[in-house]
Amino acid sequence: MAELNSPTPETSASATTVCPNCGGKISYDIKSRKFLCESCKSEQSITAPKSTVDEYSISDYRVREHSAISLTGVSVATCSSCGGEIYFDEHETAKQCPMCGSAQIRVAAATSGIAPEGVVPFRIDNDDAQQKFRVWISKRWFAPNLLKKAYGEGKLEGLYVPFWTYDADSCAEYVGQGGRTRTVRDREGNTHTETDWFPVSGRVYRKFDDVLICASKKQSGTIAAQVGPFNTVTDIAPFTYQYLSGYKAERYSIDGLECFGAAREQMEAELQEDADADILAQGFSQSRVTAFQPKYKDVTYKSVLLPIYTAQYGYRGETYFYAINGQTGHVAGNYPKSVPKIIAAVLAGLVLLFGLMYFMGFMESDDYDSDYSGYSDYSDYGSSYDEYDSGYYDDDSGYFFDTAGANNPAKMRGTAELQSVRRSEIEAE
């Protein structure tokens, strides 16, 4: 974890983007994964302001965010239409917002906030991305042919989208029940299942590494946020603005503390699964957790830029969006449905249904008897728990405690059960 006053990309001098051989522009070449001159194609050495991608303590987040240090070599364009802020090389001209297509943008120096710590460079170029889409859309039978033609005209936009990553050591105490299912036969010979439940409790641990949360209000919850996963552990480079050449990079619009709330939800869901697995590992066939208290220690974060191709397509007055993972080529998107194809599928289904009904009627008319017996017994078990919207750090233990919803009766019952288990363990000792 980096110290608070460690050198950061914001304070470092700008490296040149001009080729010393011919004066051409230096940019990142996806195929060779090197920095090349766009004119003479000579390989150029670019030294990033930092040699490592560092992480910082979540407890120091506000101090870093308010440092208001400018990014050298980078300008920012603010879209008056959608409100998005886009980083771009100061030598380039921003003419259009890559998120909404608006030309109503204004340019200023990029200041304040937390600069990107790392960047995952594009590994898939525009041609490869289009080929990935063609394969993806070819498997969508209901997509109209017009969509494939429009996409082939080349409307992809390469964009670096901001994400926060979080690391944490965590543990969670739980109280629940383990179930053993048995088959019971009544006096008439009919069978059914019954489940016997037994009280259980325990503790689970998990170390989280690079939990990714989208930091863009424009992209969060949209197609672009669904093209993961990304490898930010082994395939990431220290940020330098030369990676932005030919692309745009959106500035984060959801701060790191707010996104940490979403990261905790992901962590708690995985800890919940661990608790269920821990109960099943004790020889039970079913599990349910009735009380659950997670704790987090050594929480760190960093700001990263991840490569995504985005595209939009209009069809009969509606706009549809697509996104392609610029690292892996994974495609996500929605698309208009072809009415003739849907009608054809419905008619085919009806023909199949009537054919099956006719066949069944034919079988019955020829005195074919079929005796089917059996049963289905479905039991859904689960648990719901409130979001942890706030918490505190305990200086003695070094853990982050979730405390939101302390007045919630369900949580109070869960806490009481945990305390009861602890008293029982103490008395047993």
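# A tour from the aromatic cluster outward

Begin by selecting Y56, Y61, W164, Y252 and Y301, which together form one aromatic cluster. Keep in mind throughout that the model on screen is a predicted one.

**Inside and beside the cluster**

Within this group, turn first to W164 and Y301, whose ring centres are 5.9 Å apart and whose planes stand at 65 degrees, so the pair counts as edge-to-face. This pair links distant parts of the chain, since W164 is in strand β8 and Y301 in strand β12 (residues 286-315), 137 residues apart. How accessible is W164, buried or exposed? W164 has 0% relative accessibility and counts as buried, and Y301, with a relative accessible area of 1%, is buried as well.

The count of aromatic pairs comes to 16. One of them is formed by F163 and F230, a tilted pair with 6.2 Å from centre to centre and 55 degrees between the planes. Because F163 lies in strand β8 and F230 in the loop between β9 and β10, the pair ties together parts that are 67 residues apart in sequence. Both of these phenylalanines, F163 and F230, are buried.

While the loop between β9 and β10 is in view, select P229, which lies in it. The peptide bond leading from G228 to P229 is cis, with omega near 5 degrees; most peptide bonds, by contrast, are trans.

**Charges over rings**

Next, display W197 together with R288, where the charged end of R288 sits over the ring of W197 at 3.7 Å from its centre. Then move to F198, where R180 lies over the face of the ring, at 5.3 Å from the ring centre.

**Salt bridges that join distant segments**

The salt bridges are the next stop, and their count comes to 16. Select D235 and R123, which form a salt bridge with the closest N and O atoms 2.6 Å apart. D235 lies in the loop between β9 (191-214) and β10 (237-238), while R123 lies in the loop between β7 (118-119) and α2 (126-138), so the pair ties together parts that are 112 residues apart in sequence. Both partners are buried, D235 as well as R123.

Move on to R203 and E173, whose side chains meet in a salt bridge at 3.5 Å from N to O. R203 belongs to strand β9 and E173 to strand β8 (residues 157-185), and the pair links these distant parts of the chain across 30 residues. Here the partners differ in accessibility: R203 is partly exposed, with a relative accessible area of 42%, whereas E173 counts as buried at 12%.

Remaining on strand β9, select R206 and D274, the side chains of which meet in a salt bridge at 2.8 Å from N to O. Because D274 lies in helix α4 (residues 256-280) and R206 in strand β9, this pair ties together parts that are 68 residues apart in sequence. D274 counts as buried at 18% relative accessibility, which falls under the 20% limit, and R206 is partly exposed, with a relative accessible area of 30%.

To close this part, display K31, D125 and D128, which are linked in a network of salt bridges.

**Backbone angles to check**

Most residues other than glycine have a negative phi. Which phi value does R33 have? For R33 phi is near 60 degrees, a positive value in a residue other than glycine, and R33 lies in the loop between β1 (26-29) and β2 (34-37). D210 likewise has a positive phi, of about 55 degrees, although it is not a glycine. D210 lies in strand β9 and is buried, with a relative accessible area of 11%.

**The surface and the whole chain**

Switch now to a surface representation and select V346, L347, L350, L353, F354 and M357, which make a nonpolar surface patch of about 580 Å². Of these residues, L347 has its place in helix α5 (residues 339-365).

Finally, zoom out to the protein chain, which has six helices and 16 strands. Of its 429 residues, 44% count as buried, and the chain exposes about 23200 Å², of which carbon and sulfur atoms supply 49%. Among contacts between residues at least 6 apart in sequence, 74% join residues at least 24 apart.

Technical notes: Residues are numbered from 1 along each chain as its sequence is written. This is a predicted model: local features need pLDDT of at least 70, side-chain atom pairs count only at pLDDT 80 or more; totals for chains, interfaces and linings use all residues. Side-chain values use heavy atoms; hydrogens and water are left out. A salt bridge is a side-chain nitrogen of Lys or Arg within 4 Å of a carboxyl oxygen of Asp or Glu. Helices (H or I, at least four residues) and strands (E, at least two) are DSSP runs, numbered from the N terminus. Buried means under 20% relative accessible area, exposed over 50%, partly exposed in between (1.4 Å probe, protein chains only). Contact means heavy atoms within 4.5 Å. Accessible areas come from the Shrake-Rupley method with a 1.4 Å probe; for residues, only the protein chains shown count as cover. Patches are made of residues with over 30% relative accessible area and no salt bridge: like charges are joined within 9 Å, nonpolar side chains (Val, Leu, Ile, Met, Phe, Trp, Tyr) within 5 Å. Rings of Phe, Tyr and Trp (its six-membered ring) pair if their centres lie within 6.5 Å; planes under 30 degrees apart count as stacked, over 60 as edge-to-face and the rest as tilted. A charge sits over a ring if NZ of Lys or CZ of Arg is within 6 Å of the ring centre and within 35 degrees of the ring normal.
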